Amino acid sequence: MKTFEEKWTAWIDGELGGKELAEFEASLPNKAAAEAEKHDAYKLGALLKEQLGARALSNEDFFSHQLRERIARESGPFREPSLEASAWWTVRRLFFTGVASLVLFVICAVVVIREKNPGEQSQYLTQILNARIDPAVSPNATISMFETKEDKVTVLWVEGLQSLPADYAAK
Amino acid sequence: MQTEATLAQVDVSELDLVKQCQAGNTEAFDQLVTRYRTRVFAMIYNMVHNEQDAWDLSQDSFVKAWKSIGRFRGRSSFYTWIYRIVMNVTIDWLRKKQVKGAGAEFNDAIQLKEIEPASRTLPKADPLPHERMERSEIRTRIDNAIAQLSPEHRAVILMKEIEEMQYHEIAEALGCSIGTVMSRLFYARKKLQNLLKDVYENI
């Protein structure tokens, strides 16, 4: 459903026809005034066409030259990709440098930590046995067991034991 | 038929040029620019009323067209397609200018070169000084009247009256419905008729 404005515009421009035209013209309260306004619209159109239709672009060749230069500068087929690539390589280099530095730092940190705690990674595994020693008989006694898994050798180290209880027996 | 054939040839060659542009041929684009630069410039000039701004906006429009020509699918004519870019660029610029509240619009110190439509075929004497002054005054009146329209109304009235575009072409160029175009045309005409009645009545 067209609005009045749409119908009026179509009527001015001669775009209404047939039944639609007849209905619209019949709906106009003052046909003579409407026709006068239509005539005014034609005059306005002619005035605009006459006064504004002949604007010319001076220095046409320079316009095209400037445009060519600008297009070559802003979106040239070779320049822009190379610039983009060089920027991308710089970012990539930065990224790899960062990653390499981080890896180097981690390796150094691991080495330093290992050197500070050499016993932790000894080939000997020390186990404190669940020994039950009478504190009254041997107050400072400790029993340790050293085990070399590769050689399948176990050494029992007893220290501070003043006397071996009679009920102790090797199993 | 002769005209239709010629038009068809023009259309085909234009489509060829577009395809060459899409393949990266800047010379083909240069030909399209040569075809449309004057109309594009005139259209923008009538919207912004300043030669330097019109020049810059025309350049911006063509650069934008070059950058996005890969997306042109040929559903509309190249002419309508580039007008859409021109209108987007110009209306955006006018809106920004309105927001900034920049000074008077009619600050064009450069005298425009004017070409009479019939000058190529008919010898015509230069206008007399009083005629020239009268013409300049009329143009100033028209420019002032158009400046009172919104960017969208300016675009519609200029495309219809100067470019003689169809409703659907204007709608496509402005990205709106045909009904909106007709409605805008109604109000733009009404306003200009009120502002310029004494001008066109006395010519």
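Which residues does B:Val156 touch, not counting residues up to four places away in sequence? The views below, taken from a predicted model, start with that one.

**View 1. B:Val156 and the residues it touches.** Leaving out residues up to four places away in sequence, B:Val156 touches B:Ile170, B:Val181, B:Arg184, B:Leu185 and B:Ala188. Keep an eye on B:Val156 and B:Ile170, since both turn up again in the next view.

**View 2. The largest nonpolar core.** This core is made of 61 residues. The members that touch the most other members are B:Ile44, B:Ile82, B:Val86, B:Val156 and B:Ile170. Looking for the element that gives the most to this core? That's H2(B), with 12 residues.

**View 3. Where chain A meets chain B.** Here 33 residues from chain A and 39 residues from chain B make up the contact. On the chain A side, the elements giving two or more residues are helix H1 (4-12), helix H3 (31-52) and helix H4 (60-75). Sort the chain A residues by kind and you get 14 nonpolar, nine polar and 10 charged.

**View 4. A close look at B:Asp30.** You'll find B:Asp30 in helix H2 of chain B, which covers residues 26-48. Is B:Asp30 buried or exposed? Neither label fits: B:Asp30 counts as partly exposed because it has 18 C-beta neighbours inside 10 Å, and being buried takes 20 or more while being exposed takes 12 or fewer. Across in chain A, B:Asp30 touches A:Ser64 and A:Arg68, again not counting residues up to four places away in sequence.

**View 5. B:Asp30 and B:Phe62.** Along the sequence these two are 32 residues apart. In space, their C-alpha atoms are 9.9 Å apart.

Definitions and conventions:
Residues numbered from 1 in each chain as written. Chains lettered and ligands numbered in written order. Predicted model: local features only at pLDDT ≥ 70, side-chain atom pairs only at ≥ 80, totals over all residues. Contact = placed C-beta atoms within 7 Å. Helix = DSSP H or I, 4+ residues; strand = E, 2+ residues; numbered from the N terminus. Nonpolar A, V, L, I, M, F, W, Y, C, P; charged D, E, K, R; others polar. Core = buried A, V, L, I, M, F, W, Y, C linked by C-beta atoms within 7 Å.
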